[in-house]
Structures are given as C-alpha cells and as structure tokens.
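Hi everyone, thanks for making time this morning. I'd like to walk you through one model, so let's put it up on the screen.

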Amino acid sequence: MAAQREWYEKDFYKTLGVAEDADAKAITKAYRKLARESHPDTHPGDAAAEERFKEVSAAYDVLGDEAKRKEYDEVRRMGPMGGFGGQGAPGGFNFNVGSDGLGDLLGQVFGRGRRGGGASAAAGPQRGADVEASLTLDFVDAARGLTTTLHLTSDAECSTCHGSGGKPGTQPKVCSQCGGRGVVDDNQGFFSFSSPCRVCGGAGVIIESPCPTCHGSRVERRAREVQARIPAGVADGQKIRLKGRGAPGRAGGPTGDLIVECHVAPHPLFGRDGHNLTVRVPVTISEAALGGDIDVPTLDGPRVTLRLRAGTQSGSRHRVKGKGLETAKGTGDLIVTTDVQVPKHLTDEQRAALEAFAAATTVSPRQGMEG
Ligand SMILES: [Zn+2]
Ligand SMILES: [Zn+2]
C-alpha cells in the first residue's frame, strides 16, 4: 500500500508528546489535553491552531486504536519497502492535511473508503470502444473509392451535453483532490508514484449536476452519421479502420475507432484480382485463328484495342497495361481472358467457308491419342 510510505514517517508519538511504549490510557490523556488546547472552537480563525488540531486528531486516530497502532508500529520498525531508508529520509515528509479534511486523509492511509472499495476500480482514462459497421459498395465505387455517409447506431458523444457529462448550463468543478490533473502523486524522498485520482476517476473534474440524457456518462447510444472516405481499390471483405470515429473515451481517454467492413457487389463484366481488373472477352474462331485487333471494354473509359496473335487459344490471358485500378499501391492492369465462341447457327456463306476449312484440314487434332 503506497500510502504507508508517507504515513509511517509521521511521528504520531511525538505529535502527542508521549513515549513509544506509552499505554492506551496515557495516549488518550495526552490527546484530550492537546485537542482541548488547539480546538477550533476556542481558536476561531486561527489557522495554525486548526492545523495543530488536525495533526493531533490524526495521531490519535492511529495511536488510540489498538489495531491501527500495531500496524503503524510495525511499518515504522520495518521501514518503507521492507527496510529502505528509515526515519529522516531526504526531503522529509509532506503529510498535508488538505481541505478535504481528516476523514479523506485517513481513509487513504488505512486503505478504507475510496481506496479500498471496488466501485472506482476502473479509474483513469480509458480508450473508447471500437465500433463496427458494414458498408455495401457498388463495384465501381469500390474501384474508384468514394466518400460516403455511414448511418449507424452506436455509443457516441452525448448530444445533450456534447460530452461534458454535465447538465447544460452548468460547469464541472475542478477536482480538489488532484487539482484537475486527474492523477495524484505519492511523493516520498527519492520516489514519486502517480496513480489515477480516485475522487474524479482521472477526469480532473467532478460533475455536480449530471446531464439528464447520459447521467454523466458523456456517452449516449444513438443513431448518427459518419462521413467516411473509402480508399480506391477496397476489396470485398476488407475492413477499413477510421481512427477516432468510434465510441468516446472515458475520463479524457481517446475515442475508439470505427471499423467499416466493406462488401463489394459483383460487376456483370469485371472481376478483381488485387488491383488488377479481369474480364472475359468473346472472340470468333477466325479472330483466334488468324489473329488481329479486337476491342475490349474498360471499367470507366472507352474501349481499348488488344492485338491477338494468330493461333490465340480459348482461355488464354492477355494483359492491357494500366487499365486496372488506380490505388494508393499503384495502377493495376486489365487481364483479358479470351473466350473463343463456336457459332451455333451458320449462314450459308459461313457454312461453305467452314466446309472449305474442313476439307483443307488433313491432320486430325486427335492423332496420337491412343486409349
Ligand atoms: Zn450528456
Ligand atoms: Zn481528481
């Protein structure tokens, strides 16, 4: 318990002017005398007397209680952290009885009250939760990227108090325990320990009139709109993390992220392979056999010409440079797969031409295929 490092150095015996082996009766007697002498009722407006009264009371609170006195004696005997230092450590002590009064102080010293309870176990700034949303994108929008408005229901900054947690028109009070810093230091000699302030939960302020909507939580579950920039080339199933667009943090903690899972609708012609686009293009038997220029569609521009070599096979792949997706990672290509079409109906002229082709074909493509 960190506070013991402060507590043990305070010489309560000296404060009460009794010996360390004084019995309970002697301690009570000494306390009553000193308390009477320094009581605020007999010294109105005397700050020094008030301070003295607090010190005397603090000392008696420990020494007048058998269990606390035993603990106090043990810690003093062992020294802080199992024997380091001892009395008169450099810098001495700064056992400040603040305006919060004795109750708070001793509550901390003995680990009861706020320090011991579980209610404020989660003190300190906490990052807000990540919020997940899904977005269905048109193929072309996914390819080009777009800025869109997401409609989602999630924890968000309270719209009544705009995240202050206080009733509109009221001001939060600066926390007197930590002076608005949100952390408290345990300074002792060479050491300084910081921990989140238990009184304000690390926020640095105390809300005396809570917001009627969020009851001081600063967070409200509500429908909201978020503008999201979806980068070009987002893939189906890809998750985009939008920093700081999730649920608000607590006690000054950072806002969480918004994670948008993208679903990309299929395109009737084009497919995707990374930042390349794919397309199947039908070609005639003669285009495939004789070769030549064919026109192929592009996603968002005029058709381009692709030169086929003579003897192009069905299912062969051809690359059109720079006609894929333009993404942050670079520009992809258009991958064209040829799909040789066998005509289902022939005109008389076509039939005659193919019969001539057949007559000129003397070698069977199945020659050499023995079962
Ligand atoms: Zn509110
Ligand atoms: Zn505080």
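Let's go straight to the zinc ion, ligand 2: its protein donors are the SG atoms of C175, C178, C197 and C200, at 2.2 to 2.3 Å from the metal. Please keep in mind that this is a predicted model. What is the geometry of the site of this zinc ion? It is tetrahedral, with angles of 105 to 115° among the 4 donor atoms.

Along the chain, the donors of the zinc ion follow the spacing C-x2-C-x18-C-x2-C. Distant parts of the chain are linked here: C175 sits in the loop between β3 (173-174) and β4 (183-188), while C197, 22 residues apart from it, sits in the loop between β5 (191-196) and β6 (205-206). Are these two cysteines, C175 and C197, buried or exposed? C175 has a relative accessibility of 1%, so it counts as buried, and C197, at 0%, is buried too.

Now over to helix α3, residues 24-38. Its 15 residues reach 21 Å from the first C-alpha to the last, close to the 21 Å expected at 1.5 Å a residue. Which residues of α3 are buried? They are I27, T28, A30, Y31, L34, A35 and S38. These cover an arc of only 165° around the axis, so they lie on the same side of α3. As a friendly reminder, an α-helix has 3.6 residues a turn, so residues three or four places apart point the same way. Turn to the face away from that buried side, and you'll find the exposed residues K25, K29, R32 and R36.

Thanks, and I'm happy to take questions!

Definitions and conventions: Residues numbered from 1 in each chain as written. Chains lettered and ligands numbered in written order. Predicted model: local features only at pLDDT ≥ 70, side-chain atom pairs only at ≥ 80, totals over all residues. Heavy atoms only, no water. Helix = DSSP H or I, 4+ residues; strand = E, 2+ residues; numbered from the N terminus. Expected span 1.5 Å × (residues − 1). Buried < 20%, exposed > 50% of the residue type's maximum accessible area, 1.4 Å probe, protein only. Arc of directions from axis to C-beta. Donors = N, O, S within 2.8 Å, 3.2 Å for Na, K, Ca; no water. Tetrahedral: all angles 85-135°; square planar, octahedral: opposite > 155°, others 65-115°.
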